[in-house]
Structures are given as structure tokens and as C-alpha cells.
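Hi,

Here's the structure I promised to pass on. Have a look at it first, and then read my notes below.

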Amino acid sequence: MCLNEFCKSPFESPQWRRGPLGPGTMCNACGTRYARMEAKKKGDKRGAKLRPQDLVEWAAFQEQLQWPLEAVDATPFAASDGTPTYSIKREFAGATIYVLIRGKRGTTAQERLAQLLQKGLFHLVRDNPRLLAKVELLEGDLNSDDLGLTQRELQLVQANVNILVHSAASIQLEADVQHTLRSNYLGTRRLLALATQMRAMRGMVHVSTAYVNVNFPRGSTVDERIFPLHFGGQEVHHADIVDDLMSLKPAAANVRAQMFLDMWGFPNTYTLGKNLTEKLVATYHKQHGLNVAIVRPSLVTGLAGLPYPGYCGNVAGPIGMGIAMAVGLFDRLESVAMVPTHVWDAVPGDVVSGVILAAAAATAARMAINEYAAECPAAAADPMIVHAGTSTTYPISFCEAFYAGLDFVRQNPPPVRLPGASLFSLPLDYRPNEEAVKRCKYWTGWKVWAAVKLLNAMGMYGTARQLHYGYLGWEIQNSTKTDRNLFFASKNLLQLEAQLDAGDAGSGDYKTSWTIRNGGWPRYISTNIAGMWRQVFKVKEVKGLEDNDFKFIANRSVRPGFKPDTAKASNDHAAPLLPAVTEGDEEDEQSQEDMLSAGFRGTAAAFQRIPASGNACAASESVESLAPAGADDDVPLRGDTPGLFKQMSAKLGQSLSYKAASISDVAQGNVSGGMLATLSKPMQRLSRSATPAVRRDKDV
């Protein structure tokens with residue numbers, strides 16, 4: 001099929017003519033017009049045969065492909081003092097954004113892109129048709145050969161992509177090692193192989209994590225470099241480790257991986273896998289000439305500024321820990337696993353995105369930023385590596401964030417809290433006792449288990465599953481083994497910021513570091529707490545946060561551009577319009593937000609007021625007419641915060657009379673005398689029941 005989107009041929013003409021994408025990419029008619037266009041540029045008489053409409057259509061085709069008429073100059077700008085500079089706006093001017101997304105859990109890639117773009121976070125794009133038209137979908141999967149792309153899509157990517165940002169990864173911290181390597185290492189290897197075939201490629205950014213070097217001793221400063229792994233004194237190659245682990249059976253691979261974790265000091269398989277993946281990227285940079293930069297974010301938190309101050313779309317890190325404190329997972333002092341005065345390297349999400357854009361533009365402009373080459377000759381061949389963190393630019397301690405959250409929760413009690421939880425102060429000289437922390441986690445786990453049972457009994461299986469995995473996320477992050485008090489050096493980061501074009505730097509559109517000049521921690525914390533209370537708990541008015549920048553932006557339906565590929569799908573692939581989400585549609589909004597969840601969002605969703613039973617699973621909707629009056633209304637909250645069990649028990653009492661009529665519920669044992677009897681037994685006789693495994697991958 002001809003690759004000219006403006007081709008008027010009524011048939012799928014064979015591609016045998018040369019076009020701007022190379023030989024065999026156009027039909028006879030389009031290829032002939034292209035040849036005449038090239039002849040006109042050279043002054044050849046064949047160019048006189050072009051019609052005026054040919055010129056208009058061809059200009060539109062070249063703009064759609066972003067195929068430059070002349071070669072792009074990759075030479076950096078120079079400041080008045082001769083220092084080379086780069087411009088983000090210049091490097092990305094007129095760009096088309098190709099987004100690679102895979103289908104997931106019954107949702108197509110088209111639907112996921114539409115869900116993503118309708119969010120308030122993307123209001124500057126969704127409300128501007130010109131910008132929205134620049135977003136193009138490529139449906140694929142890093143775990144598939146050729147990334148799951150068709151031949152036509154491969155040709156388009158190979159000829160047209162000049163800046164590549166790789167941010168897809170599985171972020172399960174303690175997944176089976178083969179799952180981690182399959183998603184992060186092998187998926188990245190497939191992408192790197194394709195990147196070497198991209199003829200217009202000028203620069204690539206691999207988004208890693210600052211915790212690839214979490215195995216450094218506590219209190220260390222980690223440089224922006226690649227550090228080798230050793231067996232004793234012998235350096236080991238990353239590919240040998242991966243081949244070894246992938247050749248074993250899953251159980252044996254996990255046993256061997258634990259040996260590596262203990263040997264090198266990694267706390268989980270995620271950090272080990274990301275460490276090995278960085279070394280793979282560096283190998284392609286050195287041996288294949290791929291112009292690449294590595295960005296290492298620390299703990300990414302909510303936004304500080306544009307486009308949506310206070311937005312907390314992913315609550316897997318510090319925001320999630322704040323929610324955990326609010327709802328009572330931190331139920332006493334002994335449940336805290338962190339030393340209060342240790343540095344908590346949290347960084348606003350808009351700063352991370354600014355660093356990624358800056359690194360991409362600098363790499364495309366062939367900027368050589370490596371502040372470690374002089375002091376360490378081995379680092380001279382490394383790609384540009386940039387830490388996106390705050391521990392060496394504007395550090396904050398864990399207790400500062402804890403105190404700010406504590407003061408706010410005292411003035412604004414959350415809608416619900418786990419029973420037995422209390423607010424407590426965190427002494428500066430507190431030192432966690434690992435055994436005491438484990439005991440607190442154990443009993444909190446039983447509370448969550450009982451809550452999951454009640455939610456299942458009410459038919460709220462999705463919310464129960466989210467609560468279960470939200471607790472698991474909190475249990476993993478609230479750990480003494482991840483509280484390392486590390487300082488991530490920022491020499492390359494500050495140099496990257498210094499060489500940014502003065503016009504870009506002065507526009508205020510790009511934050512590339514977090515300092516007191518950017519607003520300061522107190523205002524940032526207030527902004528994000530206000531955003532968290534509105535977006536997670538649906539509370540519109542709060543007390544004690546007058547100095548904040550949060551303003552709620554509602555979701556709105558959009559239809560992003562999608563050009564169907566006849567080799568992959570039928571012609572009815574127009575992106576659907578999703579129903580607009582208003583401020584009152586809490587349940588729908590939560591469902592859409594879940595696609596970005598990495599763990600804690602499920603906890604927050606489960607701790608909202610119990611929604612009407614009409615939102616339960618389809619198996620229970622068939623007996624909706626049997627519900628007594630008022631059974632679908634939320635139970636009013638009396639007093640301060642009565643607790644999760646009190647709300648769920650009241651709701652359960654209202655709905656059991658007709659929920660039990662559901663054949664599905666009875667068959668699964670979710671509503672039965674045995675179930676209710678089990679809940680009344682002493683806590684020590686309860687046994688945990690695991691919910692089905694759910695992938696928690698971050699996709700692009």
C-alpha cells in the first residue's frame with residue numbers, strides 16, 4: 001500500500017516507486033509526482049509537468065511525515081561567550097509525536113490513548129486541535145518481535161523518527177526475575193536494535209532510575225556514571241548474567257537471582273534489572289554508535305507547576321506514602337521504617353519531564369556533557385547520564401514531609417481510616433526497629449485482609465483487588481532496606497541546565513532542577529496535598545492550605561488521530577469518544593485514573609465511601625430491582641471518621657438482603673452464612689487469601 005496518506009488511488013497499488021522514505025514505498029502515480037518534485041528542485045525540465053494541486057498535496061504530505069526538505073543542522077548554538085547551547089523548542093519544532101502503546105486487560109491501544117489524552121493533565125493538548133492532531137498512535141509491544149509493528153509501520157518509524165524517548169518498564173519491585181528481565185532488559189534490547197535502523201535518528205533518551213546504584217553504602221554520593229559489577233575482582237558482563245538467568249526454570253532463576261542480590265547489595269529484582277539494562281544501553285552507545293542519553297529520576301511525585309500544579313496521577317511513591325498515613329496504614333510510631341532525618345530524594349514530575357526533554361534536545365544537538373571524564377578516564381566513553389533528583393540541589397528529609405502531612409490531616413480528617421489507627425508525632429531521634437516494623441505490618445495486613453473480604457462480599461471485586469495490591473505496595477516501600485540515605489550527584493544535570501538556550505530558560509516552560517527559586521518545599525507540599533485530597537478523596541474544600549497553586553482541571557472527551565493499518569486491523573478503527581468525566585463522576589474518574597496506577601491508587605480508591613451497588617459487577621445487576629429503597633445511597637458519615645469497617649458493615653447490612661439473590665455471589669461463596677461466621681471469628685484464626693495476580697506495568 002502506498003505510504004502517501006494523500007494518495008487518491010482507489011486501489012491498494014503496489015509499492016514499487018521511490019519516495020522520500022526510500023525505494024519501494026510509493027505507488028506509480030505518487031512516485032512519479034515525487035520524481036517530478038525532485039526534478040523541479042534541481043531545475044530539470046520534468047518538473048514543469050507538476051500541477052498546482054500537486055505542490056499543495058505534496059507539501060501537506062511532507063508536513064505530515066515531518067520529512068525535512070533540507071538536512072537538519074545538528075550543530076549546537078553558541079552563547080555570546082562562545083559556550084555551546086541547545087534549544088528544546090528548536091529541536092522539537094513541528095514534531096509529530098508517535099506513541100507506542102499496547103492493548104491491556106481487554107482495552108485496546110486506541111482506547112488507552114483516548115483515556116490518557118482526555119485527562120486534565122493533557123488539557124493543553126486536548127483543547128488544541130492543532131496539537132492533538134500531532135499525536136499518532138502505533139499499537140505494539142516491546143515483548144514482541146519488531147515491537148509488534150507491521151511492515152508499513154516499521155518503514156515509517158525507520159525513516160521518520162529522529163528523537164526517541166524510551167520510558168516503558170515494569171515497575172514491580174519484587175517480581176520474578178525473569179518477568180523483570182523480559183519486560184525491562186529484553187524489551188529494551190528489541191527497541192535498541194530497531195533504533196540502530198532508524199535512518200533519521202539523531203538522539204535517544206533511556207529513562208532509568210536513580211536507584212540502579214542503590215547498592216552503594218548508606219550515606220554515599222552516587223556519581224552520574226556507569227559502575228561495573230564484579231565476581232570478586234573480575235568484572236562481569238551484563239549479557240552473561242541475563243543469559244544465565246533466562247536459561248533456568250523460573251524457580252531456579254529466582255534462587256540464583258537472590259544470590260546476585262545478596263552479592264551486590266540490591267534490595268529487589270527491579271533495581272538489579274534496571275542496572276543491567278543501563279549497561280545494555282551503554283553498550284549500544286559505545287559499540288553501535290547510537291547517540292543516547294540516560295535520565296535517572298529519583299522518587300517522582302506530583303507536579304509543581306504547568307501544565308497541572310498538584311496533579312498526582314501516579315501515587316506509587318511519596319504521594320502514596322502520604323495517603324498511607326492519612327488512611328491509617330501508618331497506625332503507630334513503630335510502623336515507620338525510615339529514619340526521620342534521612343534525605344528523602346523526591347522530585348516533582350514536571351521537573352523530571354523537563355530533564356527528559358532537555359536531555360533529548362541536547363543529545364540531538366550533539367552536545368557533549370560529561371563532567372566526570374577528566375577525573376575518571378573510564379567514564380569518558382559513557383553516554384550522557386543525568387540524575388533527576390533533589391538530594392544534592394535542594395534536599396528534604398522524611399520527617400519534614402511527615403510533619404507537613406500530619407498538620408494537614410489533623411485539620412482535614414480523611415473520609416475514612418482503618419480502625420485502630422491514630423495520628424502520632426515522629427521524634428527526630430527515632431530509629432526504626434525492624435522486628436517492630438514487621439509486627440505492625442503483620443497486623444495491618446489482617447485489617448486489610450478483612451476489608452478485602454467485606455468488599456468481595458459486596459461484589460466490589462475490582463476495589464478489593466486494588467486495596468490488596470495497594471497494601472503490598474506500601475509494605476514494600478515502607479522498608480528499612482530501601483532507606484539508604486543516598487545522595488545523587490548533579491554535575492551533569494547542572495551543566496545541562498547551564499547550556500540550555502537563554503530563550504528557553506527564560507520562558508519558564510521547562511524546569512530542569514528543583515531549588516528554592518522554583519517555589520520551595522513548603523508551597524510544593526501544600527499544592528500536592530490539596531491536589532491529593534481533591535483527586536483521591538474527592539474533597540473539594542480543605543483547611544490550612546491557603547498558600548498553594550492547585551486548581552482542579554476536569555477530564556474531557558477527545559478523539560486522538562489514528563490512521564488504520566490494513567495489515568493489522570479493519571477500517572472501523574476510528575478512536576472512540578469516551579464519556580466526559582465531570583467532578584461528580586468519582587467512580588468513572590477513578591476507573592480511568594487506574595491505568596496509571598502502580599500500587600497505592602488502589603488503596604485510596606478502596607478507602608473512599610462505598611459507592612452505590614449499581615457500580616458492582618454485572619452478575620449482581622440482574623437483581624437490582626429487588627433492592628430496598630435507599631440501599632444504593634452512601635452511608636452518611638457521623639462524627640469525625642467512623643472507620644472503614646463501620647461504613648462497610650452498614651452498607652453490607654443494607655445490601656445483603658438482595659445481593660444474596662445473585663447466583664454468581666452465592667456460587668463463589670462471597671455471601672453466605674459460612675462467610676459471615678468466618679468474619680466473626682477471632683483474628684488469629686483468619687488466613688490470608690491472595691487475589692489474582694495483576695500486571696502493574698508502566699506503558700507508553
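Let's start from the outside: the chain exposes about 30,500 Å², and carbon and sulfur atoms supply 53% of that area. Keep in mind that this is a predicted model. Of the chain's 700 residues, 54% count as buried. If you try to trace the fold, you'll be counting 25 helices and 18 strands. Among contacts with a separation of 6 or more, 78% are between residues 24 or more positions apart.

Now for the holes inside. Searching the whole structure turns up 11 cavities of 30 Å³ or more, and the largest has a volume of about 400 Å³. What lines that one? There are 24 lining residues, and P318, G322, W344, A401 and I525 lie nearest the centre. Helices α12 (318-327), α14 (398-411) and α19 (521-535) each supply at least two residues of the lining, with α19 giving the most, at 7 residues. By type, the lining of this largest cavity splits into 20 nonpolar residues, 4 polar and no charged.

One helix pair is also worth finding on your screen. Two packed helices are described by the angle between their axes and the distance between the axes. For α9 (residues 238-246) and α10 (residues 250-264), the axes come within 9 Å and cross at roughly 150°. On the α9 side the contact is made by I241, D244 and L245, and on the α10 side by A253, R256, A257, F260 and W264. Those contact residues divide into 6 nonpolar, no polar and 2 charged.

Enjoy exploring!

How values were computed: Residues are numbered from 1 along each chain as its sequence is written. This is a predicted model: local features need pLDDT of at least 70, side-chain atom pairs count only at pLDDT 80 or more; totals for chains, interfaces and linings use all residues. Side-chain values use heavy atoms; hydrogens and water are left out. Axes are lines fitted to C-alpha atoms, for helices over the stretch in contact, and angles run from 0 to 180 degrees between N-to-C directions. Helices (H or I, at least four residues) and strands (E, at least two) are DSSP runs, numbered from the N terminus. Contact means heavy atoms within 4.5 Å. Ala, Val, Leu, Ile, Met, Phe, Trp, Tyr, Cys and Pro count as nonpolar, Asp, Glu, Lys and Arg as charged, and the others, Gly among them, as polar. On a 1 Å grid over the protein atoms alone, a cavity is a set of points where a 1.4 Å probe fits but cannot get out, and a pocket is an open set with protein on both sides within 12 Å along at least five of seven lines; lining residues have an atom within 4 Å of a point. Grid points are joined across faces, edges and corners, and a volume is the space filled by probe spheres set on the points. Buried means under 20% relative accessible area, exposed over 50%, partly exposed in between (1.4 Å probe, protein chains only). Accessible areas come from the Shrake-Rupley method with a 1.4 Å probe; for residues, only the protein chains shown count as cover.
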